[in-house]
Amino acid sequence: MKAGGRSRFGWQSSGPSLVPLAGLTAYQVLNRLGLKAGETVLIHGGSGGVGSLGIQIAMALGASVIATASEKNHEFLRSLGAEPVAYGEGLAERVRALRPNGVDVVADFVGGNLEATLAVLAEGGRHASIANSEVEEHGGDWMWVHPVGADLQELADLADSRKLRVEAAEVFPLEKPLMPSVPTWKGIPAARS
Ligand SMILES: NC(=O)c1ccc[n+]([C@@H]2O[C@H](COP(=O)([O-])OP(=O)(O)OC[C@H]3O[C@@H](n4cnc5c(N)ncnc54)[C@H](OP(=O)(O)O)[C@@H]3O)[C@@H](O)[C@H]2O)c1
């Protein structure tokens, strides 16, 4: 994949290594939800590895994106094309202020926000989570990523057309042991439910 220190995607060499898990997860969730052009999606965890790729995939589909993150990451979300909102208490009200009629789709990449999800979904809206199995009791899909070559090819095609951008928080040399004291990519939190 690499050519002269950069991948065929035009990323620094760390970029492609971040896409398979985070990118496939986001792609498969949005695909299962049938997100399409003209719809609005709320992405919980838009500044994370899965969420930031999810925003870009949703934008490439022609959807309009609202995404949650800490205040310090709102500019990053804007740079990806999303409308940022803070997570936590009052989230549903903040989303309703942006879309009084609710959103068509909610993709949860964090967990712990089912109440807000149900409060912002428009009539007939669809939702899924990768971090909270309880969504199944409320008409949502609880999903796990699957290694599907055709999906990875779709991601590679998006990347080739410069529609995906990946930012690694830190790069570790292969010879440096990661465990147990070195944090993972951006620090992966335990699922909150
Ligand atoms: N089911 C699957 O197949 C699958 C696949 C991959 C990952 N996962 C799981 O998906 C989750 C996300 O992975 P990731 O790699 O994207 O993690 P990440 O890069 O660490 O991102 C975490 C995201 O959660 C946000 N966040 C932190 N605390 C929050 C809170 N209290 N309320 C709401 N949002 C909060 C962060 O926002 P700020 O940084 O802006 O605060 C950030 O957007 C992890 O739990 C991971 O284990 C599941």
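This briefing covers the sheet, the helices packed on it, the nonpolar core and the ligand shell. The model is predicted. Its open sheet has six strands, paired in parallel. The shell around the ligand counts 28 residues.

**The sheet**
- Strands of a sheet pair through backbone hydrogen bonds, either parallel or antiparallel.
- Here the strand order is S5-S4-S3-S6-S7-S8, with parallel pairing.
- Strand S5 (83-85) and strand S8 (141-142) stand at the edges with a single partner strand each, so one side of each has no neighbour in the sheet.
- S3 (residues 40-44) and S4 (residues 64-68) run parallel and are joined by four bridges.
- Ile43 stands opposite Ala67 in S4.

**Helices on the sheet**
- Helix H4 (residues 91-98) packs on the sheet and touches S3, S4, S5 and S6.
- The direction of H4 makes about 155° with that of S5.
- H2 lies across S3, S4 and strand S6 (103-108).
- H2 runs at about 170° to S4.

**The nonpolar core**
- The largest nonpolar core holds 47 residues.
- Leu30, Val41, Val65, Val103 and Ala107 touch the most other members.
- H1 gives this core its largest share, seven residues.
- Leaving out residues up to four places away in sequence, Val65 touches Val41, Ile43, Ile55, Ala58, Met59, Gly81, Ala82 and Glu83.

**The ligand shell**
- Gly48, Gly49, Ala69, Ser70 and Ile130 come nearest to the ligand.
- Helix H1 (15-32) and helix H2 (49-61) each supply at least two shell residues.
- By class, the shell has 15 nonpolar, 12 polar and one charged residues.

Terms used: Residues are numbered from 1 along each chain as its sequence is written. This is a predicted model: local features need pLDDT of at least 70, side-chain atom pairs count only at pLDDT 80 or more; totals for chains, interfaces and linings use all residues. A residue is near a molecule or strand if its C-beta atom, placed from the backbone, lies within 6 Å of it. Ala, Val, Leu, Ile, Met, Phe, Trp, Tyr, Cys and Pro count as nonpolar, Asp, Glu, Lys and Arg as charged, and the others, Gly among them, as polar. Two strands pair if DSSP finds at least two bridges between them. Two residues are in contact if their C-beta atoms, placed from the backbone, lie within 7 Å. Axes are lines fitted to C-alpha atoms, for helices over the stretch in contact, and angles run from 0 to 180 degrees between N-to-C directions. A nonpolar core is a set of buried Ala, Val, Leu, Ile, Met, Phe, Trp, Tyr and Cys residues joined through C-beta atoms within 7 Å. A residue is buried if 20 or more other C-beta atoms lie within 10 Å of its own, exposed if 12 or fewer, and partly exposed in between; C-beta atoms are placed from the backbone.
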